[in-house]
Amino acid sequence: MSSFYDALETRSPAEREADLLARLPTQIAQAQQHSPAFAQILAGVDASRITSRAALAQLPVTRKYELLQRQRDHLAHSPFGGFATHGFGRQMPRVFSSPGPIYEPEGTRGDYWRMARAIYAAGFRPGELIHNCFSYHFVPAGSMMETGAHALGCTVFPGGTGQTEQQVQAMAELRPAGYIGTPSFLKIILEKAAEQGVQLPTLTKALVSGEAFPPSLRDWLAERGVAAYQAYATADLGLIAYETSAREGLVLDEGVIVEIVRPGTGDPVAEGEVGELVITTLNTDYPLIRFGTGDLSAVLPGHCPTGRTATRIKGWLGRADQTTKVRGMFVHPAQVAEVAKRFPQILKARLVVSGEMANDQMALQVETTETAEGLARLIGDAIRDVTKLRGDVQLLPPGSLPNDGKVIEDARSYR
């Protein structure tokens, strides 16, 4: 049987890029015509001209907090804030709720969340039984994985969360090929099985998601005969990227256009630089154009050793929303970006908040090749104008700031 889910995974990068960009104008037009939210957000945009990444980068980023706010503002008319292209009925068999609450629709298309590719990469094959321990209650995680498993040709036991002893019993008696769920719950199940003296010999593979998966836990599972791989997905977007047997980063899904931008902006960063993941889906039921995930990552150079040719990312590297409160006032990454944009001399900026609580000190560290007298003073004036707070300015040579995606660093002592 093939090592790949389909031929899309091994096509040339140029072919993949051309395909995604060829589909982009239609997706944008669909969103403008059938999604009231994007009719407003993308008002005046000529969809037929959005045929390159440079053109896409000119469109506004919609971040999760904005989606939540639109849903809150439009609940009387639609629970989806105008982003969904269908109402309740045959074209929307299920609605889910994620913390916020944010409501997500599920359409009728097979493998709606595009999870089959990640499940296949984790080693599952048609005709196998999968024990699914993601929640089927409120959140879409259980359905995301189940619909992907069905598309792959697998049978699913809907274990859900909790009831550890019953999970062990079902695994021992049904003998599933593997597990899908959070890595921490898999550890709990295996520990319970060991405590009870129950053998689970068929449980040899797993797809995990929903939380951090450190190498120490991966190795702990491997010592007990379970090869576990991770998937990066969200309730809004479905699958974004997945791990392969090479274990070198995460390979991007074939159904999304991924950009990495400087936090607080929509500006793409250089390849390899850490920034916020911004995703455009090709889902016509729930079209999200330049949706800011709030998660940090970076592009890995080269291709996956398994032969998959899609771009790889390093995985989850933290959160992009670094909003912090200084002297009683919130300071946002977008404000740091606004200050930096006023000065073409600034190559990169990072706001460092230090001191002790109630005695905050704020310094903007900027990379620049210019050391002309007065530049620091002008930047300081801009800080005060944008944030309404005073801050020091430190001029640094290019390459001085770390590549970690941080725009605001809270270095205060909380003791």
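A pocket, as the word is used here, is an open set of grid points with protein on both sides within 12 Å along at least five of seven lines. This model is predicted. Its pockets and cavities come first, then two buried residues.

## The largest pocket

The largest pocket holds about 1,200 Å³ of space. Its lining counts 44 residues, and S209, G210, E211, A231 and Y232 are the closest to its centre. Several elements supply at least two lining residues each: β3 (102-106), α6 (141-152), α9 (215-223), β8 (227-234) and β13 (291-297). Which element gives the largest share of this lining? That is β8, with 5 residues. By class, the lining of the largest pocket has 23 nonpolar, 11 polar and 10 charged residues.

## The second largest pocket

About 590 Å³ of space lies in the second largest pocket. Here 30 residues form the lining, and R53, L252, V258, V299 and T311 sit closest to the centre. Two or more lining residues come from each of α1 (13-34), β11, β14 (299-300) and β15 (312-313). The largest share belongs to β11, which gives 5 residues.

## The cavities

The whole structure has 4 cavities of 30 Å³ or more. The largest cavity has a volume of about 70 Å³. Among the residues that line this cavity are R262, P263, E273 and V274. K348 and A349 also take part, as does the run from P402 through N403, D404, G405 and K406 to V407.

The table sets out the three linings by residue class.

| Space | Volume | Nonpolar | Polar | Charged |
|---|---|---|---|---|
| Largest pocket | about 1,200 Å³ | 23 residues | 11 residues | 10 residues |
| Second largest pocket | about 590 Å³ | 16 residues | 5 residues | 9 residues |
| Largest cavity | about 70 Å³ | 5 residues | 2 residues | 5 residues |

## T265, in a loop

T265 lies in the loop between β11 (256-261) and β12 (275-281). Is T265 buried or exposed? T265 counts as buried because its relative accessibility is 7%, and buried means under 20%. The side chain of T265 reaches the backbone oxygen of R262 at 2.8 Å. R262 also appears in the lining of the largest cavity. Leaving aside neighbours within four places in sequence, T265 is in contact with V61, R63 and A337.

T265 falls within a stretch that carries a record. In an unreviewed entry, UniProt lists residues 123-280 as "domain: AMP-dependent synthetase/ligase". Over residues 123-280 the chain is 29% helix and 28% strand. The end C-alpha atoms of that stretch are 28 Å apart.

## R308, in another loop

R308 is found in the loop between β14 and β15. Both of these strands give residues to the lining of the second largest pocket. R308 has a relative accessible area of 4%, so R308 is buried.

What does R308 contact, leaving aside its neighbours within four places in sequence? The partners are S3, F4, E9, A121, Y242, T244, V251 and H303. With S3 there is a polar link: the backbone oxygen of S3 lies 3.1 Å from a polar atom of the R308 side chain. L8 is 300 residues from R308 along the chain, yet the C-alpha atoms of the two are separated by 8.8 Å.

How values were computed: Residues are numbered from 1 along each chain as its sequence is written. This is a predicted model: local features need pLDDT of at least 70, side-chain atom pairs count only at pLDDT 80 or more; totals for chains, interfaces and linings use all residues. Side-chain values use heavy atoms; hydrogens and water are left out. UniProt positions are given in the numbering used here, feature names are shortened, and annotations may be inferred rather than shown by experiment. Helices (H or I, at least four residues) and strands (E, at least two) are DSSP runs, numbered from the N terminus. Buried means under 20% relative accessible area, exposed over 50%, partly exposed in between (1.4 Å probe, protein chains only). A polar contact is a pair of N or O atoms within 3.5 Å; within protein, one must be able to donate a hydrogen and the other to accept it, and residues adjacent in sequence count only if both atoms are side-chain atoms. Contact means heavy atoms within 4.5 Å. On a 1 Å grid over the protein atoms alone, a cavity is a set of points where a 1.4 Å probe fits but cannot get out, and a pocket is an open set with protein on both sides within 12 Å along at least five of seven lines; lining residues have an atom within 4 Å of a point. Grid points are joined across faces, edges and corners, and a volume is the space filled by probe spheres set on the points. Ala, Val, Leu, Ile, Met, Phe, Trp, Tyr, Cys and Pro count as nonpolar, Asp, Glu, Lys and Arg as charged, and the others, Gly among them, as polar.
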